[in-house]
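Thanks for coming. I will keep this short and go through the structure one region at a time.

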Amino acid sequence: MNSVQIFYGLEELPPGLGATAVTIGNFDGVHQGHQHVLAQLTGEAARRGVRSVVVTFDPHPAFLHRPEAVPQLLTGLDEKLSRLASFSDESSGIDAVLVLKYTAELAAHTAEAFVQKYFVQALQAAAVVVGHDVRFGRGNSGDFSTMTQLGQANGFAVVGVEDFDATGPDGRQLSARCSSTAIRAALAEGDVAAAAVMLGRPHAVVGEVVHGEARGRELGFPTANISRDSEGMIPADGVYAGWLTDTHGQRWPAAISVGSNPTFEGVARVVEAHVIDREQDSVEDFNLYGQRMRVEFVQRLRGMVAYEGVEKLIAQMREDVDQTRQILRTAGTPITQ
């Protein structure tokens, strides 16, 4: 895999970058629809013998334009850049990512000024690869037709990419087009399996392991509690089968709880993962506290239920662990280290 260069602003672009093939977008989640665009981008760059560059924004434009209705992001910036950097197809991987700080000044550029400044002058675009629903420039005034006209005026080709429709494991097409919005809707319903199909991988929440109320340990199911400032949209309340992975790639099977435990009063909404099938009975044996961990959601087991007494809750938790073990085995991944 080629080494991807990350540039934070035009001032970091090297003078000898040369001609490029460019795409632009928020790329929240770097889902299969995005990957479809990236494959077209790298293919176009390979055919033309130029470098492939992804232009993206930080923060998400909604933080400026719609602060009262910012969507729950599927990935933080670091996760997004990691996903973009790891992308590769039959041709090659991405050569560079240009992260533009999304400010009122940037948003004020007309469509023509934006293309001239970033695509023509800075990136020397030979080709621009975008979906037919692309919008850019002040007030989203620029669309695919605008981009085509600007390409003709400035000497770059415009390659339109059709929507990508994800197909489930059973071969049936999902009802929604593959998009960040559709993935958020699936996660809001707890349908992490559908989200995984559109993402091309299990959805993940990334955050630091912090001390919780230790209720799980008291019940015989110690958990790693993820800090509330974690990155990645938290799915609907419930219990899930999934994985807990550290920054070094060490991965453990886990039964994951999302929400406030209704059996106990006054418990805040949290994400906590109980690692299964280990001899040790304490999460502290892992030395996880303070570490940045990834919680991956494979399948939802059930919603949150208030149980009459601790014994019934413990019995249900044992059943959750058994179901988690079976689901992860069925998924074809060994669950023992």
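Which residue in β6 does Ala127 stand opposite? Ala127 faces Ala157 there. Keep in mind throughout that this is a predicted model.

Let me stay with that part of the chain. Strand β5 covers residues 125–131, and seven of its seven residues are buried, so the strand is largely enclosed by the rest of the structure. On one pairing, β5 is joined to strand β6, residues 157–161, by five bridges, and the two run parallel. To get from β5 to β6 the chain goes through helix α6, residues 144–154, and this β-α-β crossover is right-handed. β5 also pairs with strand β2, residues 20–24, through three bridges, again in parallel. In that pairing, Ala21 stands opposite Ala127. So you can locate Ala127 on the screen by looking for Ala21 and Ala157.

Now some overall numbers. The protein has 10 helices and 12 strands. There are 337 residues, and 50% of them are buried. The exposed surface comes to about 16,100 Å², with carbon and sulfur atoms supplying 46% of that area. If you take contacts between residues at least 6 apart in sequence, 72% of them join residues at least 24 apart.

Next, strand β11. Is β11 mostly covered or mostly open? It is mostly covered, with six of its six residues buried. Val270, Glu272 and His274 point one way, while Val271, Ala273 and Val275 point the other way, and all are buried. Note that Glu272 and His274 are on that buried list.

β11 has antiparallel pairings to show you. Strand β8, residues 224–226, is joined to β11 by three bridges and runs antiparallel to it. Ala224 is the residue opposite Ala273 in that pairing. β10 pairs with β11 over six bridges, also in the antiparallel sense. There, Ala254 has Val275 as its bridge partner.

That brings me to helix α10, residues 310–330. Its 21 residues reach 30 Å from first C-alpha to last, close to the 30 Å expected at 1.5 Å a residue. Which strands do the buried residues of α10 pack against? They pack against β9 (238–245), β10 (251–259), β11 (270–275) and β12 (292–302). The buried residues of the helix include Leu313, Ile314, Met317, Val321, Ile327 and Leu328. Gln316, Asp320, Thr324 and Arg325 are also among them.

Just ahead of the helix, look at Val305, which is in the loop between β12 and α10. Its relative accessible area is 39%, so Val305 counts as partly exposed. Val305 and Val239 are 66 residues apart in sequence, and their C-alpha atoms are 10.0 Å apart in space.

Last residue for today: His203, in strand β7, residues 203–210. Is His203 buried or exposed? At 2% relative accessibility, His203 is buried, because the cut-off for that class is under 20%. Its side chain reaches the backbone oxygen of Met233 at 2.6 Å. Setting aside residues up to four places away in sequence, His203 touches Leu74, Leu187, Gly232, Met233, Val295, Glu296 and Phe297. Met233 therefore appears both in the contact list and as the residue whose backbone oxygen the His203 side chain reaches, with 2% accessibility making His203 a buried residue.

That is what I have. I will leave the structure up for discussion.

Key: Residues are numbered from 1 along each chain as its sequence is written. This is a predicted model: local features need pLDDT of at least 70, side-chain atom pairs count only at pLDDT 80 or more; totals for chains, interfaces and linings use all residues. Side-chain values use heavy atoms; hydrogens and water are left out. Helices (H or I, at least four residues) and strands (E, at least two) are DSSP runs, numbered from the N terminus. Buried means under 20% relative accessible area, exposed over 50%, partly exposed in between (1.4 Å probe, protein chains only). A polar contact is a pair of N or O atoms within 3.5 Å; within protein, one must be able to donate a hydrogen and the other to accept it, and residues adjacent in sequence count only if both atoms are side-chain atoms. Contact means heavy atoms within 4.5 Å. The expected span of a helix is 1.5 Å times one less than its number of residues. Two strands pair if DSSP finds at least two bridges between them. A crossover is right-handed if, with the strands pointing away from the viewer, the path from the first strand over the helix to the second runs clockwise. Accessible areas come from the Shrake-Rupley method with a 1.4 Å probe; for residues, only the protein chains shown count as cover.
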